[in-house]
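Here is a short set of exercises to work through with the model open beside you. Try each task on your own before reading its solution.

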Amino acid sequence: MIALFFGAPGVGKGTQASLISQREGIPYLSTGEALRNAIAKQTEVGKLAQTYVESGGLVPDDVVTRIVDETLKQPEFAKGAILDGYPRTTAQAEALTEILRGYGKAVSVVVNITVDTETIVKRLLLRGRKDDKEEIIRHRFGVYAKETAPLLDYYTNAGAAIKTIDGDAEVEVVYERVYTSLNA
Ligand code: ADP
């Protein structure tokens with residue numbers, strides 16, 4: 001199974017993606033987490049990514065795609081993958097299609113988590129990560145609406161199953177919904 005976790009910043013896709021990964025034993029990659037680690041370590045990629053991440057913009061496609069390409073080469077990803085935060089643009093989706101084609105694979109399912117915007121702004125302000133300031137959050141929403149939301153059509157056309165989940169509930173309740181939709 002190649003599953004993408006989709007949704008605006010703060011919908012809880014990272015939480016759900018990592019829970020499904022742990023409980024189902026499918027390896028997981030969060031590009032946001034990978035970038036934050038790279039920034040913390042001040043690697044080449046980290047230095048390149050820092051200003052984009054901290055201002056709520058998108059890191060250039062080739063930089064994130066390289067991370068995904070390298071990660072999917074690891075042997076444990078032969079059994080499947082859960083991707084969180086990638087792809088975020090049409091160019092990334094096309095790159096991912098090519099990478100997966102090299103393994104004779106394709107995205108099978110997109111878990112699209114939705115939560116009302118004002119509810120997520122409150123959640124993110126509580127989370128308080130460096131890019132969780134109101135102005136930057138609103139900017140990230142704009143980027144999501146413009147660049148990422150259209151990918152739902154891309155994956156519908158590509159024949160992936162789209163599972164839209166109401167994410168406005170406790171973590172375990174949302175998990176049940178996600179789990180049920182993946183096993184339907
Ligand atoms: P959130 O879902 O709250 O936006 P993420 O951890 O997924 O949090 O992403 C945080 C930031 O990392 C993004 O705002 C962006 O700057 C960068 N980022 C993560 N994934 C990508 C990607 N696929 N393409 C470009 N930038 C990315």
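Buried means under 20% relative accessible area, exposed over 50%, and partly exposed in between, with a 1.4 Å probe and protein chains only. The model is predicted, so local features need pLDDT of at least 70 and side-chain atom pairs count only at pLDDT 80 or more, while totals for chains, interfaces and linings use all residues. Residues are numbered from 1 along each chain as its sequence is written, and side-chain values use heavy atoms, with hydrogens and water left out.

**Exercise 1. Find out where Thr89 sits, whether it is buried or exposed, and what its side chain meets.**

Step 1. Place the residue. Thr89 belongs to the loop between β3 (81-84) and α5 (90-101). Helices (H or I, at least four residues) and strands (E, at least two) are DSSP runs, numbered from the N terminus.

Step 2. Classify the residue. Thr89 counts as buried because its relative accessibility is 7%.

Step 3. Look for polar contacts. A polar contact is a pair of N or O atoms within 3.5 Å; within protein, one must be able to donate a hydrogen and the other to accept it, and residues adjacent in sequence count only if both atoms are side-chain atoms. The side chains of Thr89 and Asp61 make such a contact at 3.0 Å. A polar atom of the Thr89 side chain also lies 3.1 Å from the backbone nitrogen of Gln92.

Step 4. List the other partners. Contact means heavy atoms within 4.5 Å. Setting aside neighbours within four places in sequence, Thr89 is in contact with Leu58, Asp61, Glu147 and Leu151.

**Exercise 2. Stay in the loop that follows β3 and describe the peptide bond from Tyr86 to Pro87.**

Step 1. Pro87 is in the loop between β3 and α5.

Step 2. Read omega for the bond from Tyr86 to Pro87: it is near -5 degrees, and the bond is cis.

**Exercise 3. Which residues touch Asp84, and which side chain makes a polar contact with it?**

Step 1. Asp84 is in strand β3. A relative accessible area of 7% is why Asp84 is buried.

Step 2. Not counting residues up to four places away in sequence, Asp84 touches Phe5, Lys13, Gly14, Ala17, Tyr28, Leu29, Ser30 and Thr31.

Step 3. Among these, Tyr28 has a side chain joined to that of Asp84 by a polar contact of 2.9 Å.

Step 4. Compare sequence with space: Asp84 and Gly32 are 52 residues apart in sequence, and their C-alpha atoms are 8.0 Å apart.

**Exercise 4. Describe the surroundings of the ligand.**

Step 1. Start with the residues. A residue is near a molecule if one of its heavy atoms lies within 4 Å of it. There are 21 residues around the ligand, and Lys13, Thr31, Arg36, Gly57 and Arg140 come nearest.

Step 2. Check the atom pairs. A side-chain N or O atom of Arg36 is 2.8 Å from an oxygen atom of the ligand. A backbone N or O atom of Gly57 is 2.5 Å from a ligand oxygen atom, and one of Val59 is 3.1 Å from a ligand nitrogen atom.

Step 3. Ask how much is covered. On its own the ligand has 550 Å² of accessible area, and the protein covers 96% of it. Such areas come from the Shrake-Rupley method with a 1.4 Å probe; for residues, only the protein chains shown count as cover.

Step 4. Assign the shell to elements. Two or more residues of the shell come from each of α2 (31-41) and α3 (44-55). The largest share, four residues, comes from α2.

**Exercise 5. Arg140 is one of the residues that come nearest to the ligand; is it buried or exposed?**

Step 1. Arg140 lies in helix α7 (residues 134-148).

Step 2. Arg140 is buried, because its relative accessible area is 10%.

Step 3. Beyond neighbours within four places in sequence, Arg140 is in contact with Pro9, Gly56, Leu124, Arg127, Arg129, Asp131 and Asp132.

**Exercise 6. Classify Gln42 and Thr51 by accessibility.**

Step 1. Gln42 is in the loop between α2 and α3. Its relative accessibility is 35%, so Gln42 counts as partly exposed. Phi of Gln42 is near 55 degrees, a positive value in a residue other than glycine.

Step 2. Thr51 is in helix α3. Thr51 is exposed because its relative accessible area is 58%.
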